[in-house]
Amino acid sequence: MKYIDEFRDKELARKLGGAIAAAAAPDREYRLMEFCGGHTHAIFRYGVQDLMPANLRFVHGPGCPVCVLPTARIDAAIALAERHGVTLCTYADMMRVPGGDRRSLLKAKAAGADIRMVYSTQDALNIARARPDRQLVFFAIGFETTTPPTAVAMKQARAEGLKNFSVFCNHVLTPPALRAILASAEPDSVSIDGILGPSHVSSVIGSGPYGFVPVDFHKPVVIAGFEPLDVMQATLMLIRQINEGRCEVENQYRRAVTPEGNRKAQALVDDCFELWDRFEWRGLGFLPSSALRIRNEYADLDAEIRFPVESGESREVKGCECPSILRGVKRPTDCKLFGTVCTPENPMGSCMVSSEGACAAYWSYGRFRDADTNEGRAA
Ligand code: SF4
């Protein structure tokens with residue numbers, strides 16, 4: 001297949017749905033976690049769940065960069081902009097996520113802070129170049145996919161001698177979060193039979209870093225592309241592994257993912273960042289070696305050194321179930337605020353804001369309204 005439409009072909013989807021139904025053993029349940037919010041949205045947007053047998057359930061994972069950021073880091077970003085009077089730039093979704101006091105960057109901007117939405121690190125660099133009299137802080141978020149562009153911007157700033165550009169670093173790592181979910185001994189931890197591995201993240205890190213999943217947790221992984229037929233083909237590959245008792249890392253997304261990943265991007269990231277001993281994740285708590293911080297060699301570009309702010313404790317809005325949703329333990333419809341107090345226009349938690357959040361996916365595509373969905377039947 002060469003073009004995007006071919007990955008959304010109805011007839012092929014029906015055939016794949018039939019193959020999945022034929023492969024799924026009727027006497028067992030299949031709980032497959034899609035780690036990445038991009039997959040969650042593909043599943044809901046294209047009605048993939050409706051094409052699955054009743055005993056197959058997709059469990060939504062924490063792979064949404066905006067969703068996993070704890071409120072303490074949002075509060076710190078707001079404090080950075082307000083107390084130090086810098087221009088703070090970040091990606092769109094981040095602007096509307098409520099912090100600990102339900103204050104978002106957008107509300108802080110409305111109150112007078114200089115906070116701007118950018119589409120790329122290059123936009124942020126351009127603002128810094130245009131206003132050398134103002135300090136610009138780029139509020140960097142995201143998994144392994146968005147880290148290389150941050151590294152490129154840091155190197156460009158260094159090469160150009162830009163003295164008014166720095167980075168508030170919040171880049172997180174996929175494998176430690178996956179490990180934390182699989183290793184969770186919490187009484188309410190979710191039971192998972194297989195993992196749909198991320199697409200874009202894997203194009204950077206490769207398929208190699210998921211090797212611990214079969215070895216340490218005896219679960220199969222299939223790296224899947226973001227199109228509906230990708231998700232369905234990867235689902236079929238997972239079912240076959242589970243039925244045959246195999247636990248391997250397989251790669252459905254071979255058109256973009258290799259075992260070793262993008263070495264050039266990895267080298268860039270290694271040059272600018274190092275492992276942070278621990279970092280807080282919304283829903284998962286403090287995880288060891290699960291995020292990156294700026295290396296000492298680039299300390300002049302580290303906003304947390306240049307513009308220190310105290311970090312408080314993270315607090316969720318009362319009643320918001322984002323932490324449980326991010327661990328796959330609950331679904332958006334389990335939250336009493338879903339669709340009542342909390343909507344995309346008035347989000348109470350990160351999962352309703354982000355274009356990759358599970359609550360936003362449920363709400364946007366309205367499939368929760370159909371009582372006869374497979375998910376409803378599987379519940
Ligand atoms: S519906 Fe809103 S309040 Fe409930 S879990 Fe989702 S984001 Fe949080």
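Tutor: Let's start with a term: a cavity is a set of grid points where a 1.4 Å probe fits but cannot get out. A molecule sits in a cavity if more than half of its atoms lie within 2 Å of the cavity's grid points. And keep in mind that the model is predicted.

Student: Okay, which cavity is the space taken by the ligand?

Tutor: Searching the whole structure turns up 3 cavities of 30 Å³ or more. The ligand's space is one with a rank to its name: the largest cavity.

Student: Which residues are the closest to the centre of the largest cavity?

Tutor: That cavity holds about 80 Å³ of space. Its lining has 13 residues, and the closest to the centre are Cys-320, Cys-322, Cys-335, Cys-342 and Cys-359.

Student: The shell around the ligand has 1 charged residue. Which residue around the ligand is that?

Tutor: By class, the shell splits into 10 nonpolar, 1 polar and 1 charged residues. Cys, Ile, Leu, Phe and Met count as nonpolar and Gly as polar, while Glu counts as charged. Going through the residues around the ligand, the charged one is therefore Glu-321.

Student: Which elements give two or more residues to the lining of the second largest cavity?

Tutor: The second largest cavity has a volume of about 60 Å³. Its lining includes Gly-37 and Thr-40, His-60 and Gly-61, and Ile-325 and Leu-326. The elements you're after are α2 (37-45), β2 (56-63) and α13 (322-326).

Student: And how many nonpolar, polar and charged residues are in that lining of the second largest cavity?

Tutor: Cys-64, Cys-67, Cys-351 and Ala-358 are among the lining residues, and Cys and Ala go in the nonpolar class. The lining of the second largest cavity comes to 6 nonpolar, 5 polar and 1 charged residues.

Student: On to the rings. Is the pair of Trp-276 and Phe-279 stacked, tilted or edge-to-face?

Tutor: There are 9 aromatic pairs in the structure. For Trp-276 and Phe-279, the centres are 5.4 Å apart and the planes make 40 degrees. Stacked needs under 30 degrees and edge-to-face over 60, so the pair is tilted.

Student: What about Phe-338 and Trp-363: stacked, tilted or edge-to-face?

Tutor: Their ring centres lie 5.9 Å apart with the planes at 80 degrees, so this pair is edge-to-face.

Student: Is Trp-363 buried, partly exposed or exposed?

Tutor: Its partner Phe-338 is buried at 11% relative accessible area. Buried means under 20% and exposed over 50%. Trp-363 has 23% relative accessibility, so Trp-363 counts as partly exposed.

How values were computed:
Residues numbered from 1 in each chain as written. Predicted model: local features only at pLDDT ≥ 70, side-chain atom pairs only at ≥ 80, totals over all residues. Heavy atoms only, no water. Near = heavy atom within 4 Å. 1 Å grid on protein atoms, 1.4 Å probe; cavity = no way out; pocket = protein on both sides within 12 Å on 5 of 7 lines; lining within 4 Å. Points joined across faces, edges and corners; volume = space filled by probe spheres on them. Helix = DSSP H or I, 4+ residues; strand = E, 2+ residues; numbered from the N terminus. Phe/Tyr/Trp six-rings, centres within 6.5 Å; stacked < 30°, edge-to-face > 60°. Buried < 20%, exposed > 50% of the residue type's maximum accessible area, 1.4 Å probe, protein only.
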